[in-house]
Each structure stands twice: as structure tokens, then as C-alpha cells.
Amino acid sequence: MKKILKKLCVLFLFSMLFSAALFAQNMEVKNELAPKDTDNFISGRNAIGAFLFTPVEFEFDDFFYGISYQRWIVPEFALEFGGMVVGSGVNEISYNFVLEGDWAFFEHISNENFATRLFLWGLFGHYGGVYTDYNSTLWDIDTQSSVPNPNYGKSAYSFNIRGSLGVGFEMLIAQHISIPLKFGFSASFTGFGFTFGTAIKYLW
């Protein structure tokens with residue numbers, strides 16, 4: 001089941017990339033909701049909200065979730081920091097501080113209370129936190145059997161750097177409620193892999 005879901009997510013990612021090429025001529029769509037200094041109706045605005053995303057080399061029962069604050073410093077780039085937790089065997093309380101880029105290539109405004117867009121995104125930043133390993137056993141590749149986990153119940157500080165790149169879809173409701181859905185690929189000290197995430201944010 002997990003392999004099927006991963007394949008569907010990858011298929012969606014490539015369909016979004018195809019859409020980017022298909023709608024390339026619509027990058028200059030006029031947007032009455034946008035701040036005067038940018039055509040992007042999301043960027044240029046501060047945001048706070050709850051999010052959920054996958055770590056690098058994720059399993060579908062293993063998500064980070066938390067709250068974050070986002071402040072745009074220029075129309076295309078924002079600073080974001082927040083706190084998060086992750087379960088599924090390793091209980092981790094973490095924080096993040098990242099620089100995120102956002103480039104819309106298609107936007108559509110249905111009315112003053114609803115708008116959507118497709119966009120490219122990228123981020124680079126630091127993730128850190130304290131984690132406790134609650135996996136009592138580990139899988140030994142050599143013996144093909146479970147062995148006791150020597151780190152069971154122990155806590156340690158985790159330092160990581162992460163870079164990501166991908167595409168996304170976002171809805172803006174009543175000019176203030178944002179619901180993005182992001183797909184892409186991420187690399188960190190722990191590996192490289194497909195990733196996705198979503199959030200619900202309040203913009204002002």
C-alpha cells in the first residue's frame with residue numbers, strides 16, 4: 001500500500017511539472033488581491049499556521065507536524081521558523097529555521113473570496129531538536145532478524161540541514177486563509193527522497 005501511495009505522489013508531482021509548461025503563458029495574470037509590489041497574491045504577506053510534512057526518506061506513518069511563523073522579506077523569499085513533533089517510534093520535539101523561495105507560474109481568481117495558484121518552491125535551512133528512540137528492536141540486515149536496540153529510551157540532540165525543491169498548489173479563502181499542498185524532493189544529512197506537505201495558515 002505504501003509503495004502505491006508513493007507512486008501516486010510521484011505521478012502527481014510530474015503532472016504538476018507538466019502543468020507548469022502548459023500554463024507558462026499565464027505567468028502575467030493580473031491579480032487584484034495581490035499587494036501592489038508583487039503579482040503573487042500569497043507572497044509579501046506574513047503567515048502563521050499549522051503544518052504537516054514528511055521527513056527525508058519518509059514512511060507514510062511518519063510525519064512532522066507543528067506550528068510556524070512565516071515572514072516575507074522580499075516578494076519571492078520568506079524566512080520561516082517554528083516548532084514541531086514527530087512520532088512513530090522516535091519521539092522528537094524539533095524546531096526549524098529556513099529560507100523559502102516561492103514563484104507562482106499560474107494564478108486564478110474566482111471571486112474576491114476564493115483564489116488558487118500553481119507555484120514552484122524551494123527551501124534551505126536548519127532543523128534541530130531532541131529525540132527519544134522508542135524502537136525496542138532493530139532489523140539486522142546480516143542476520144535477517146530483529147535485535148535489541150541499544151539506544152532504546154535514550155535521548156539525544158539532532159542537528160540537520162535540509163534543502164528541498166518542488167511544485168505546489170494553493171487555495172486562498174476569504175483573502176486570509178491559505179491551504180497549500182506541496183510536492184518535491186529533499187536532501188539532508190540523513191539522505192535524499194521524495195517529500196510532501198500541507199498546512200493551514202492565516203495571512204495578513
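Asp, Glu, Lys and Arg count as charged here, Ala, Val, Leu, Ile, Met, Phe, Trp, Tyr, Cys and Pro count as nonpolar, and the others, Gly among them, count as polar. With that in hand, the lining of the second largest cavity sorts into six charged, four nonpolar and two polar residues. The structure behind these counts is a predicted model, and the rest of it is taken up below, starting with the overall layout.

The protein chain has 204 residues, and 42% of them count as buried. Its secondary structure is one helix plus 10 strands. Reading from the N terminus, the helix comes at the start of the run of elements, and the strands follow it: α-β-β-β-β-β-β-β-β-β-β. Contacts often reach a long way along the sequence: taking those between residues at least 6 apart, 57% join residues at least 24 apart. On the outside, the accessible surface of the chain adds up to about 11400 Å², with 66% of that belonging to carbon and sulfur atoms.

Next comes the inside. The largest nonpolar core is made of 11 residues, namely Phe51, Phe53, Phe64, Met84, Val98, Ala104, Phe119, Trp121, Leu123, Tyr127 and Ala199. Strand 1 (47–53), strand 4 (90–111) and strand 5 (114–133) are the elements that each give two or more residues to this core. Strand 5 has the largest share, with four residues. Phe51 is a handy core member to look at up close. Leaving out residues up to four places away in sequence, Phe51 touches Phe64, Tyr65, Gly66, Ile67, Ser68, Gly83, Met84, Thr198 and Ala199. Among these partners, Phe64, Met84 and Ala199 also belong to the core.

The model also has some enclosed empty space. Two cavities of 30 Å³ or more turn up. The largest one has a volume of about 370 Å³, and 24 residues line it. Of these, Phe53, Glu80, Glu100, Leu123 and Lys182 lie nearest its centre. Phe53 and Leu123 are members of the nonpolar core as well. The lining of the largest cavity is a mix of 11 nonpolar, eight polar and five charged residues. Plenty of strands chip in: strand 1, strand 2 (64–74), strand 4, strand 5, strand 8 (155–173), strand 9 (177–188) and strand 10 (191–203) each supply at least two residues of this lining. Strand 10 gives the most, with six residues.

The second largest cavity has a volume of about 60 Å³. It is lined by 12 residues, and those closest to its centre are Glu100, Asp102, Arg117, Lys182 and Lys201. Glu100 and Lys182 are also listed among the residues nearest the centre of the largest cavity. Strand 2, strand 4, strand 5 and strand 9 each bring at least two residues to the lining of the second largest cavity, and the largest share, three residues, comes from strand 4.

A few single residues help to fill in the picture. Ser94 sits in strand 4. Buried means under 20% relative accessible area, so Ser94, at 6%, counts as buried. Apart from residues up to four places away in sequence, Ser94 touches Phe64, Gly82, Gly83, Met84, Gly128 and Gly129. Phe64, Gly83 and Met84 are also on the contact list of Phe51.

Ile161, in strand 8, makes a useful second case. Its relative accessibility is 24%. Partly exposed covers the range between the buried limit of 20% and the exposed limit of 50%, so Ile161 falls into that class. Setting aside residues up to four places away in sequence, Ile161 touches Phe124, Gly125, His126, Ala187, Ser188 and Phe189. The C-alpha atom of Ile161 is also separated by 9.8 Å from that of Phe97, a residue 64 places off along the chain.

Finally, two loop residues have a backbone angle worth pointing out. Gln144, in the loop between strand 6 (137–140) and strand 7 (145–148), has a positive phi of about 55 degrees even though it is not a glycine. Gln175 is found in the loop between strand 8 and strand 9. Gln175 also has a positive phi, near 65 degrees, without being a glycine. With a relative accessibility of 29%, Gln175 counts as partly exposed.

Definitions and conventions: Residues are numbered from 1 along each chain as its sequence is written. This is a predicted model: local features need pLDDT of at least 70, side-chain atom pairs count only at pLDDT 80 or more; totals for chains, interfaces and linings use all residues. Side-chain values use heavy atoms; hydrogens and water are left out. Buried means under 20% relative accessible area, exposed over 50%, partly exposed in between (1.4 Å probe, protein chains only). Contact means heavy atoms within 4.5 Å. Accessible areas come from the Shrake-Rupley method with a 1.4 Å probe; for residues, only the protein chains shown count as cover. A nonpolar core is a set of buried Ala, Val, Leu, Ile, Met, Phe, Trp, Tyr and Cys residues joined through side-chain atoms within 4.5 Å. On a 1 Å grid over the protein atoms alone, a cavity is a set of points where a 1.4 Å probe fits but cannot get out, and a pocket is an open set with protein on both sides within 12 Å along at least five of seven lines; lining residues have an atom within 4 Å of a point. Grid points are joined across faces, edges and corners, and a volume is the space filled by probe spheres set on the points.
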